[in-house]
Amino acid sequence: MVTTLLLLAHVIIVMVLGTKIIFRRLPVGTSLAWIFIVSVFPLFGFGLYMLIGDHRLGRKRLKHGDLVRAHYQNELRIDDGAVTDSHPEVETSFYKIARVAGKETGFFIRSNNSVDILSDAEDMFAAIVNDIDSTETVCHLEFYIVYPEGRVLQVFRALIDAAARGVECKLIADHIGSKKFFRSEWPAKLREAGIVVIDSLPTGVIKTFFTRSDLRNHRKIIAIDRWISYCGSFNLADPDHFKVKAGVGKWVDVMLRIEGDASEALSVVFNTDFVIESSEQKIINDIPALPPVTHVSRAPIALKKPIQIIPSGPEMRNSVIFETLVSSIYAARRSVRITTPYFVPDESLLLALTNAAKRGINVQIIVPERVDSFLARHASRSYYGELFEAGVSIHEFREGLLHAKIILIDDEVCYLGTVNLDMRSFYLNLEITVALHSPEDCRAVDDILNRYMAGSTAVIPSEYLDENRSKFSIFRENLVRLAGPML
């Protein structure tokens, strides 16, 4: 009798989850993989799907995200047409791709900006502290990792001083990425100083049944006075102190300091996340106004840099950054240069890269020699053979964990931000990307990539021919690769 009831329960679970999976219209391979797991492993399959199978942050968050973004975009009167005749270099196929992304996110190219590209941690901390010290009205920070050691404490003290001057200071930190921060004394100290601290996407046993626990807030944003902002791969973590015992070397990042109109879009992204994270109402009735612009006393911007902000994640209805990157790679005419710490592409991205190389495009991928993820390391290498066969060159950075996420195409557009080339970044995490359309900015990024290349060693294609590798290595990498579509 018990066996019959268990069998009946299993059949019902398979039918319910199978129907749910089919209605989601996932890639065929992903759908079949989940149906197979749920069918063959009764309890394990159900539990695994509940934990990591559904790309959901909850219906309320999706609905509120649309509502709050629309409110702020209307307040800013964001619309198309920001690129003018003064920027003919942007009127390319990449501009058309940018317009598609803008229609998805509400953020189009803004041209009244200056940009500083920071690739040294010392420069990043110095600039951030200096800008916080000069803040007039608001200072908002949002990070995946806040690690309370080293020069990060200088940032905390600058925030405390700013709050004492009457500046509105807020900090959003991811619950998992910043767990050491939340277990430290600093959240209490900051709150005592008048700084609002938000624990983003908290996890728990009960929450697992309603929202997927491994969906993370991977964004890195600083928004000051709606006029100065920072965005890139850099977490609020001092590389001299962060994961020093992991055996991967210091983390190497890139951060953009933006002054101008594009900062307003980053303010909208931050405020949207803040309203959603801090609201416990079923319906959001009170959306706080954006802070006033206080840049009137600042010097006029001499260099008019065209920039687009592209937020992405499961709280949005389409995978806008994935579509943007794949479309841009197909539009490449001369070169595609990539840095990413975690390279686990799906079939569409892999096809775009190999197709570009077969068309004679110079495709270069720079990855760290050592990474802090066993799965990412071995899954990544399972793609090397296909990439080499198409003519892609792969280089391993040896001077630390290259954490920068950059895609530079034809020296005409550069996508730089928090997005790794894996399915987690494309579909699961809250991410933020800055598209640089200025040739000058693209050349500056190209120089940084050249420095990374100088610290890298080219991977020898023959080493990844099946006949030159052990059966165990091939099996291990291909086995780990199978997990990619299900994440």
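In the predicted model, Phe156, Phe181, Phe182 and Trp186 are joined into a cluster by ring pairs. One member of this cluster, Trp186, also lies beneath a charge: the charged end of Lys189 sits over the Trp186 ring, 4.6 Å from its centre. A second arrangement of this kind involves Lys170, whose charged end is placed over the ring of Phe274 at 3.8 Å from the ring centre.

The count of aromatic pairs comes to 12. A pair of aromatic rings is described by the distance of the centres and the angle of the planes. For Phe125 and Phe234, the ring centres are 5.3 Å apart and the planes stand at 80 degrees; the pair is therefore edge-to-face, since an angle over 60 degrees places a pair in that class. Distant parts of the chain are linked by this contact, as Phe125 belongs to helix H6 (residues 121–133), Phe234 lies in the loop between strand E6 (228–232) and strand E7 (251–252), and 109 residues separate the two. Phe125 has a relative accessibility of 1% and therefore counts as buried, the limit being under 20%. Phe234, at 3% relative accessibility, likewise counts as buried.

Phe322 and Tyr427 form a tilted aromatic pair, with 5.7 Å from centre to centre and 45 degrees between the planes. This pair, too, links distant parts of the chain: Phe322 is found in helix H11 (residues 320–331) and Tyr427 in helix H15 (residues 423–428), 105 residues apart. With a relative accessibility of 8%, Phe322 counts as buried, whereas Tyr427 is partly exposed, its relative accessible area being 26%.

Conventions
Residues are numbered from 1 along each chain as its sequence is written. This is a predicted model: local features need pLDDT of at least 70, side-chain atom pairs count only at pLDDT 80 or more; totals for chains, interfaces and linings use all residues. Side-chain values use heavy atoms; hydrogens and water are left out. Rings of Phe, Tyr and Trp (its six-membered ring) pair if their centres lie within 6.5 Å; planes under 30 degrees apart count as stacked, over 60 as edge-to-face and the rest as tilted. Helices (H or I, at least four residues) and strands (E, at least two) are DSSP runs, numbered from the N terminus. Buried means under 20% relative accessible area, exposed over 50%, partly exposed in between (1.4 Å probe, protein chains only). A charge sits over a ring if NZ of Lys or CZ of Arg is within 6 Å of the ring centre and within 35 degrees of the ring normal.
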